[in-house]
Amino acid sequence: MSIELILATVLASALFGGWLFDWFIFSLALIYGKWLLHYPKEKLSPEDTPGVSIIKPLMGVDPNLKHNLETFFNLDYPSYELLFSVQDENDPAILLVKSLIESYPKADVKLFIGLKHVGPNGKINNMIRAYEAAKHNLILISDSGIKMNEDSLSEMASCMVKDVGLVLQMPYVCSRNGFASVYEQVYFGTMQARACLSANAVGVNCSTGMSMIFKKDVLEVAGGLQEFGKYLAEDYFIAQAIRNQGYKITLCTKPALQNSGNYSVTDFHKRLRRWAYMRYSMLPLFVFLEPLSECMIMGVAASWAVQFLFDFSPMGFFLLHVLLWFLLDYVLICVVQNGPLPFSKFEFVVAWLLRELSSPYILLLRHADSTIQWRNKKYKVRWGGITEEVTT
Ligand SMILES: CCCCCCCC/C=C\CCCCCCCC(=O)N[C@@H](CO)[C@H](O)/C=C/CCCCCCCCCCCCC
Ligand SMILES: O=c1ccn([C@@H]2O[C@H](COP(=O)(O)OP(=O)(O)O[C@H]3OC[C@@H](O)[C@H](O)[C@H]3O)[C@@H](O)[C@H]2O)c(=O)[nH]1
């Protein structure tokens, strides 16, 4: 056997193994998702509910912000405080928060204006003063675009049992008008849900910090929130630090409802590109692994592998692969939605195809620039996650 043939056989076997592994990830996500999201967990009794400090870092106003923030004033939870932080004193979000404070005079609310610089991460800088002032040990960090149901906080708190240090809400989205909303929903209900559910099922850190509740005393042992200002992916490193102390990280039984009023396919692609940039820069192994978890890329690679190993028709294999992936993605989004999908099957097909066909391009785009833009700043993330702000 020639060396070329040996190498090709090893490569084809590895790709075929990777293809089987992708179906394992799929199965894990479906089973775990059904178990987690469809079977209600025991609720906390009112006397067992710990107080929660909710930090809302705000930057700018969008058409849904007032409605989203108002849902935090109407939570069905006995003891919580709301800590709004706004870094720029000219930010229109300040007037909005003040008007909500007037409308809800009984709410326990504080507004922090101005940032404390502890590192390049703007979100952390914005939140530090609120974090320091928080009076409860349980802290919920909740991004500006998040909308809560009345029972969302009690669902999250009931997942925070003794050996758990961090509860995350899996990212999902509210249904809004237009195709961009369908597109976001399809992304978070398929690709992201697959990674997030399967990873959490086996204890792999796949943390997205848009809505996460943690124990302050545990984070303090790791240096406090300020310690994570040096990372852009502060959510990933906070989760890692909490886990290093022997605490579990768990997913909440209800997903996070992102409901930003400004959304478009182009903006969403920019956000996905930023996230891919962060993952690739801090965990370079992802440059190879992540494309192989994409339907089209793995389909092409596995089609070549089965032709080489088993003399199977690559075109027939590819079409079967895409069909099965598509069907399982549809089942997965139904599991995540946990109710009727708010769009038609046709819209799902179009959004799914656009997502699957554009994602290799987005993953490639990550390599086009060595810096990344987040809100009004540019950053460079180094291997291992340490980040520096780039000023031009
Ligand atoms: C042969 C195939 C091997 C497949 C291996 C799987 C490779 C991972 C594939 C996809 C990753 C998707 C990433 C999920 C979304 C993460 C969202 C995100 O970027 N969030 C950032 C902003 O909030 C955050 O700062 C970054 C966090 C880092 C996430 C690391 C994700 C690890 C996911 C691993 C999933 C593997 C599951 C294995 C189960 C057996
Ligand atoms: O400079 C900044 C940037 C952002 N933020 C706040 O951070 C939150 C998230 O910002 P965006 O919506 O722009 O970004 P994303 O939804 O992509 O964030 C996500 O990716 C980056 C991670 O660090 C975040 O934890 C995660 O939620 C918002 O509440 C925003 O107001 C700041 O307070 N200051």
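**Exercises on two ligand shells**

Helix 1 (3-38), helix 7 (191-201), helix 9 (234-244) and helix 10 (265-282) each contribute at least two residues to the shell around ligand 1; helices are DSSP runs of H or I with at least four residues, strands are runs of E with at least two, and both are numbered from the N terminus. The model is predicted: local features need pLDDT of at least 70, side-chain atom pairs count only at pLDDT 80 or more, and totals for chains, interfaces and linings use all residues. Residues are numbered from 1 along each chain as its sequence is written, while chains are lettered from A and ligands numbered from 1 in the order in which they are written.

**Exercise 1.** Identify the nearest residues around ligand 1.

*Solution.* Step 1: a residue counts as near if its C-beta atom, placed from the backbone, lies within 6 Å of the molecule. Step 2: the shell has 24 residues, of which Gly18, Ala195, Ala233, Trp275 and Ser293 come nearest.

**Exercise 2.** Determine where ligand 2 lies with respect to domain 1 and domain 2.

*Solution.* Step 1: among the 17 residues around ligand 2, the nearest are Pro57, Gly122, Asn126, Ser144 and Gly209. Step 2: strand 1 (52-58), helix 4 (122-133) and helix 9 give two or more residues each, and helix 4 gives the most, three. Step 3: domain 1 (3-34 + 270-388) and domain 2 (42-170 + 208-263) both supply shell residues, so ligand 2 lies between them; the bounds come from an automatic or database domain assignment.
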